[in-house]
Amino acid sequence: MEKKIEDHVKRVKNRLEKGRSVLEHLENVTTYDIGDVEPNMEQILFPPPLPDDRFYVATDERDPDALRVISDAGGVFLTDLLEMEDRRTFGWPLMLTDVRSLVEQMVLAHSAYFYGHIISSCAGRIVNMRAGRGADPRTALLD
């Protein structure tokens with residue numbers, strides 16, 4: 001959303017800090033306006049992330065310098081989470097971007113807070129998945 005990666009990372013971290021504040025003050029969990037969905041009470045049972053915690057980043061960015069900037073700012077990527085055992089268990093499909101995208105979507109759907117770009121169909125899908133899991137609408141931001 002910003003022209004320079006450093007500015008974009010600042011924007012993301014600002015939104016995540018606001019999300020952390022939402023989680024700190026979340027008491028009465030509500031759901032999106034869809035039928036037969038129970039509130040996911042994990043949102044108030046687990047403590048919110050700490051101010052200096054690392055944060056998960058799903059991106060299609062490939063520039064090594066930009067990825068380094070994100071990582072240095074606290075970003076964690078799918079490649080940071082996958083272990084050799086995961087690669088052995090799931091094999092070559094885990095190398096395909098569409099399969100990786102599905103794994104990333106599940107990680108984000110289960111996150112304490114989600115921030116994404118409003119024009120991203122992937123971000124919209126994640127919000128829909130969160131809604132189906134009973135996430136409070138205040139725990140996601142699309143801008």
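Modeller: Before we dig in: axes here are lines fitted to C-alpha atoms, for helices over the stretch in contact. And keep in mind that this is a predicted model.

Colleague: Fine. At what angle do the axes of helix 1 and helix 3 cross?

Modeller: Helix 1 covers residues 5-25 and helix 3 covers residues 64-72. On the helix 1 side, Ile-5, Glu-6 and Val-9 meet Ala-66, Val-69 and Ile-70 of helix 3. The crossing is right-handed. The two axes come within 10 Å, and they cross at roughly 30°.

Colleague: Does Arg-15 count as buried or exposed?

Modeller: Arg-15 is found in helix 1. Setting aside neighbours within four places in sequence, Arg-15 is in contact with Tyr-113, Tyr-115, Leu-141 and Asp-143. The cut-off for buried is under 20% relative accessible area. Arg-15 has 17%, so the verdict is buried.

Colleague: Which residues are linked with Asp-143 in a network of salt bridges?

Modeller: Asp-143 and Arg-15 pair up at 3.0 Å, N to O. That joins helix 1 to the segment after strand 4, 128 residues apart. Asp-143 also bridges to Arg-11, with the closest N and O atoms 3.2 Å apart. Put together, the network links Asp-143 with Arg-11, Arg-15 and Glu-2.

Colleague: And Arg-20, which residue does that one form a salt bridge with?

Modeller: Arg-20 is buried because its relative accessible area is 13%. The partner also lies in helix 1, 4 residues apart, about one turn of the helix. The closest N and O atoms are 2.7 Å apart, and the partner is Glu-24.

Conventions: Residues are numbered from 1 along each chain as its sequence is written. This is a predicted model: local features need pLDDT of at least 70, side-chain atom pairs count only at pLDDT 80 or more; totals for chains, interfaces and linings use all residues. Side-chain values use heavy atoms; hydrogens and water are left out. Axes are lines fitted to C-alpha atoms, for helices over the stretch in contact, and angles run from 0 to 180 degrees between N-to-C directions. Helices (H or I, at least four residues) and strands (E, at least two) are DSSP runs, numbered from the N terminus. A crossing is left-handed if the near helix is turned anticlockwise from the far one by less than a right angle, and right-handed if clockwise. Contact means heavy atoms within 4.5 Å. A salt bridge is a side-chain nitrogen of Lys or Arg within 4 Å of a carboxyl oxygen of Asp or Glu. Buried means under 20% relative accessible area, exposed over 50%, partly exposed in between (1.4 Å probe, protein chains only).
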